[in-house]
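Visitor: I'd like a close look at one part of this protein, and then how that part sits in the rest of the chain. Could you take me through it slowly?

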Amino acid sequence: MLGPGTRLQPRRIRRGAALTLVCTCALAAGAATGVWGEGARTDGQLAGTRSAAFSAERDAVEQAAAEALADGKSVKDAAEEVVSRSGDRWGTVYDQGEYAEFERALDGEYTGVGLWAERRRDGRIEVSRVQPGGPAELAGVRAGDRIRTIDGRRIAGRPVGAVVSLLRGDGESAVVGTSVTLRLERAGRTWTETLRRARLTTEAVTVRQLGTGVTLIKVASFTKGSGERVRDAVRAAPAGAGVLLDLRGNTGGLVSEAVTAASAFLDGGLVATYDVRGAQRALYAEPGGDTGRPLVALVDGGTMSAAEIVTGALKDRGRAVTVGSRTFGKGSVQMPTELPDGSVAELTVGHYRTPAGHSVDGRGITPDLAVSERAEEKARTVLSGLGTRS
């Protein structure tokens with residue numbers, strides 16, 4: 001996934017494996033985390049500044065981890081303290097079990113309570129999304145609710161990764177059936193909910209025929225196989241039918257899957273560029289996509305990271321009309337580093353840009369047609385006006 005940041009494989013993990021980019025913005029309880037950059041600069045400024053900052057932050061994290069190991073203290077706690085002071089808003093530290101759970105999340109499965117959390121600029125932690133049918137939704141938790149405490153621990157100002165670790169639990173508590181107690185706030189009202197963790201699966205891609213010559217493809221996240229499912233859905237759509245690509249609430253995923261999804265509508269060409277410690281790189285679509293079918297992409301403030309890569313590619317290259325509200329604005333790149341006890345620390349190293357060179361981080365993508373209500377209805381109206389392309 002390439003979101004709240006782009007992730008690269010950590011050193012010494014999967015040695016010799018292919019480079020994997022991970023881009024997610026919010027963290028499902030037991031799933032993935034993202035990265036937030038601090039605004040756009042020119043490529044040269046950004047690359048040089050972030051490369052130097054990353055090196056210093058990594059050295060500080062590794063030194064703290066080594067000292068903690070020598071003193072018999074928690075390596076993860078020591079690393080988290082350094083990351084929390086670094087100014088890297090979405091920097092995260094996983095223990096071995098958490099990182100394994102993260103990898104399982106890429107297959108669309110995780111153990112948790114079914115909510116995604118994000119850290120606001122004032123340090124508050126809010127629910128950004130709840131999974132339909134999950135423990136959080138069944139208890140009445142909603143997007144926008146503020147999480148004040150988890151099992152009695154105050155969480156304001158904590159890194160999102162640490163918050164999600166509390167939601168998921170550690171060791172024996174991170175299993176199905178164990179409970180976690182949240183103190184929540186909504187519109188000035190506070191209350192307590194005790195949720196039981198469950199094994200949850202995410203349906204990354206769903207397809208519906210709207211009965212009006214429109215195929216609706218909803219992509220909730222870019223987990224493994226989702227890009228190919230998007231491509232299959234496009235190929236299976238009735239001849240001449242338009243496609244409504246719904247990316248609302250998509251918190252990101254694997255960059256490779258996002259590129260495959262974009263490739264379903266493009267005949268090769270640039271999808272995005274990104275920098276990693278000063279090295280400029282590019283992502284390209286595969287040739288042979290459907291370039292004639294009318295296409296509208298639905299986006300909102302929950303469209304993040306890898307989903308913004310797809311949005312930016314389709315918009316900049318004139319392939320889709322985008323409808324909805326400004327996207328989240330998550331476009332940073334992370335480099336994971338393995339620590340002496342097997343924990344993994346992730347730090348921001350760079351950012352990505354759309355094909356036209358626009359920075360997404362901190363800005364988001366403004367849709368062609370900005371609407372706040374009845375977005376799907378208006379998107380279908382736009383789609384009907386596009387006609388059939390040849």
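Visitor: At what angle do helix H6 and helix H7 pack, and how far apart are their axes?

Guide: Before the numbers, keep in mind that this is a predicted model. Helix H6 covers residues 226-236 and helix H7 covers residues 255-263; the two pack at an angle of about 10 degrees, with their axes 7 Å apart. Angles under 35 degrees count as roughly parallel, so H6 and H7 are roughly parallel to each other.

Now for the residues that make the contact. From H6 come Ser-226, Gly-227, Glu-228, Val-230 and Arg-231, and they meet Glu-257, Thr-260, Ala-261 and Ser-263 of H7. Sorted by class, that contact holds two nonpolar, four polar and three charged residues.

H7 itself is mostly covered, with eight of its nine residues buried. Those buried residues are Val-255, Glu-257, Ala-258, Val-259, Thr-260, Ala-261, Ala-262 and Ser-263. Notice that Glu-257 is one of the buried residues of H7 and also one of the residues that H6 meets.

Glu-257 turns up again if you step back to the loop between strand S14 (214-219) and H6, where Thr-223 is found. Thr-223 has a relative accessible area of 6%, and under 20% counts as buried, so Thr-223 is buried. Setting aside neighbours within four places in sequence, Thr-223 is in contact with Ala-105, Leu-106, Gly-108, Ala-204, Arg-229, Leu-254 and Glu-257. Thr-223 also sits 9.4 Å from Val-205, C-alpha to C-alpha, with their positions 18 residues apart in sequence.

Next, follow Val-230 of H6 inward. The largest nonpolar core has 40 residues, and Val-230 is among those with the most contacts inside it, along with Ile-217, Phe-222, Leu-245, Phe-265 and Val-271. Helix H8 (residues 306-316) gives the most to this core, with six residues. Another core lies apart from it, with 19 residues, among them Ala-117, Val-127, Trp-191 and Leu-195. As a rule, nonpolar side chains in soluble globular proteins tend to be buried together.

Val-271 gives you a way back to H7. Not counting residues up to four places away in sequence, Val-271 touches Val-259, Ala-262, Leu-283, Tyr-284, Ala-285, Ile-309, Ala-313 and Pro-355. Of these, Val-259 and Ala-262 are among the buried residues of H7.

Ile-217 leads you to a strand. Leu-244 is found in strand S15 (residues 242-246), and at 0% relative accessibility Leu-244 counts as buried. Beyond its close neighbours within four places in sequence, Leu-244 is in contact with Val-214, Thr-215, Leu-216, Ile-217, Val-296, Leu-298, Glu-376, Ala-379, Arg-380 and Leu-383. Leu-244 and Leu-295 are 51 residues apart in sequence, yet 6.0 Å apart in space from C-alpha to C-alpha.

Strand S19 (residues 295-299) is where you find Val-299, which counts as buried at 2% relative accessibility. Its C-alpha atom is separated by 7.1 Å from that of Thr-322, 23 residues away along the chain. Leaving out residues up to four places away in sequence, Val-299 touches Leu-247, Arg-248, Thr-311, Val-323, Gly-324, Ser-325, Thr-327 and Pro-367.

For contrast, try two exposed spots in loops. Most residues other than glycine have a negative phi. Ala-187 has a phi near 55 degrees, a positive value, and lies in the loop between strand S10 (179-186) and strand S11 (189-196). At 83% relative accessibility, Ala-187 counts as exposed. Arg-374 has a positive phi as well, near 50 degrees, and is found in the loop between strand S23 (369-370) and helix H9 (375-386). Arg-374 counts as exposed too, at 57% relative accessibility.

Last, zoom out to the chain as a whole. The chain has nine helices and 23 strands, and buried residues make up 57% of its 390 residues. Among contacts with a separation of 6 or more, 69% come from residues 24 or more positions apart. On the outside, the chain exposes about 15,200 Å², and carbon and sulfur atoms supply 47% of that area.

Notes. Residues numbered from 1 in each chain as written. Predicted model: local features only at pLDDT ≥ 70, side-chain atom pairs only at ≥ 80, totals over all residues. Heavy atoms only, no water. Helix = DSSP H or I, 4+ residues; strand = E, 2+ residues; numbered from the N terminus. Buried < 20%, exposed > 50% of the residue type's maximum accessible area, 1.4 Å probe, protein only. Contact = heavy atoms within 4.5 Å. Core = buried A, V, L, I, M, F, W, Y, C linked by side-chain atoms within 4.5 Å. Axes fitted to C-alpha atoms, helices over the stretch in contact; angles between N-to-C directions. Parallel < 35°, antiparallel > 145°, perpendicular 65-115°, else oblique. Nonpolar A, V, L, I, M, F, W, Y, C, P; charged D, E, K, R; others polar. Areas by Shrake-Rupley, 256 points an atom, 1.4 Å probe, with all protein chains shown as cover.
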